[in-house]
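Biologist: I would like to learn how to read a structure of this kind, feature by feature. Could you take me through the one on the screen?

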Amino acid sequence: AISNNIFEFESVVSNHVKDKFKNYFKELRYLQTEKDLRNKCAEVVRYFSEVFSTETHFLSFVLACYEEFSVVPLDQQTKMHETDIYLFRKALYSASFSLIIAMTNDFYHYLMLKDFFNLSFSLDFGLSESDYSYFVSEACNKENQKPGNGKFYLEKNKASVKEKEVFFGHPEKSYQHIKTQKFLNFPELAETVLYQHELSDGTGFPRGILKAQVSSWEAVVIVS
């Protein structure tokens, strides 16, 4: 039902491409051996590389990922969409990309892929739990383009103390929200959201840890 209200692009997707991806995902759910799982993921990545350059086919992939993997509560999705449609779209695209990144880094078990999708989708949920503003939105966009640019943008435009609190505090808020929802198959993955803006030299936020301390599965979510 939510797709009727949120997915403006649903009318332009290719059902053939969407269904092909969904069939791949369903096959992953039932495969048993490491070899079969690895080969099936390689097949998904190859097909994705073939269709990625076409916008309609990319959106078909995104919708297939959403329909197969999303367990994020509908009220959370609606809140993100109402806060900022671009925030919602970024979350959706990042979540879908996380699956390809995971598969190309030898993560191919269905339940873990499902967690990667839902974690990536929820990374910025803390922004919709706060006093979201234009400056915060732009700072997030700048930060995603280049680490450190978000902080610079807020300083340059004399953002308020509250806006800075929202920007620097949203990873912690997202983390606390995910912990209470309990929709992960591997709950230990929840801490990943805390590391999305950490930097290799320890100057990131919210905790200022070294990127070298982040594990490979955490990196999959962060990179997406």
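Biologist: How many of the 13 residues of H7 are buried?

Modeller: Please keep in mind throughout that this is a predicted model. A residue counts as buried when its relative accessible area is under 20%, and by that cut-off eleven of the 13 residues of H7 are buried, so the helix is largely enclosed by the rest of the structure. The buried residues of H7 include Leu113, Phe116, Phe117, Leu119 and Phe121, but also Asp115, Asn118 and Ser120.

Biologist: What span should the 13 residues of H7 have?

Modeller: At 1.5 Å a residue, helix H7, which runs over residues 110–122, should span 18 Å, and its end C-alpha atoms are 19 Å apart, which agrees.

Biologist: Where does H7 sit in the chain as a whole; how many helices and strands are there?

Modeller: The secondary structure comes to twelve helices and zero strands. Of the 224 residues of the chain, 50% count as buried, and among the contacts with a separation of 6 or more, 69% are made by residues 24 or more positions apart.

Biologist: Which residues of helix H5 are buried, and which are exposed on the other side?

Modeller: In H5, residues 74–83, the buried ones are Gln76, Gln77, Met80 and His81. Seen down the axis of H5, these buried residues fall within an arc of 135°, so they line one face of the helix. Leu74, Asp75 and Glu82 are exposed on the other side of H5.

Biologist: Thr78 is also in helix H5; is Thr78 buried or partly exposed?

Modeller: The class follows from the relative accessibility, and because the value for Thr78 is 29%, this residue counts as partly exposed. Thr78 and Phe88 are ten residues apart in sequence, and their C-alpha atoms are 8.7 Å apart in space.

Biologist: Which residues does His177 touch, if neighbours up to four places away in sequence are not counted?

Modeller: His177, whose place is in helix H11, touches Gln76 and Phe125. Gln76 is one of the buried residues of H5, and His177, at 13% relative accessibility, counts as buried as well.

Biologist: Which residues of H9 are buried, and what covers them?

Modeller: The buried residues of H9 are Val136, Ser137, Ala139, Cys140 and Glu143. Seen down the axis of H9, they fall within an arc of 165°, so they line one face of the helix. What covers them includes helix H8 (125–128), helix H10 (149–156) and helix H11 (161–181), while the face of H9 turned away from its buried side carries the exposed residues Tyr134 and Gln145. As for its span, H9 has twelve residues and reaches 17 Å from its first C-alpha to its last, close to the 16 Å expected.

Biologist: How should I describe the way H9 and H10 meet; at what angle do their axes cross?

Modeller: Two packed helices are described by the angle between their axes and by the distance between those axes. For H9 and H10, the axes cross at roughly 145° and come within 7 Å, and the crossing is right-handed. The residues that meet include Phe135, Glu138, Ala139 and Lys142 in H9, and Lys151, Tyr153 and Leu154 in H10. By class, this contact of H9 with H10 has five nonpolar, two polar and four charged residues.

Conventions:
Residues are numbered from 1 along each chain as its sequence is written. This is a predicted model: local features need pLDDT of at least 70, side-chain atom pairs count only at pLDDT 80 or more; totals for chains, interfaces and linings use all residues. Side-chain values use heavy atoms; hydrogens and water are left out. Buried means under 20% relative accessible area, exposed over 50%, partly exposed in between (1.4 Å probe, protein chains only). Helices (H or I, at least four residues) and strands (E, at least two) are DSSP runs, numbered from the N terminus. The arc is that of the directions from the helix axis to the C-beta atoms. The expected span of a helix is 1.5 Å times one less than its number of residues. Contact means heavy atoms within 4.5 Å. Axes are lines fitted to C-alpha atoms, for helices over the stretch in contact, and angles run from 0 to 180 degrees between N-to-C directions. A crossing is left-handed if the near helix is turned anticlockwise from the far one by less than a right angle, and right-handed if clockwise. Ala, Val, Leu, Ile, Met, Phe, Trp, Tyr, Cys and Pro count as nonpolar, Asp, Glu, Lys and Arg as charged, and the others, Gly among them, as polar.
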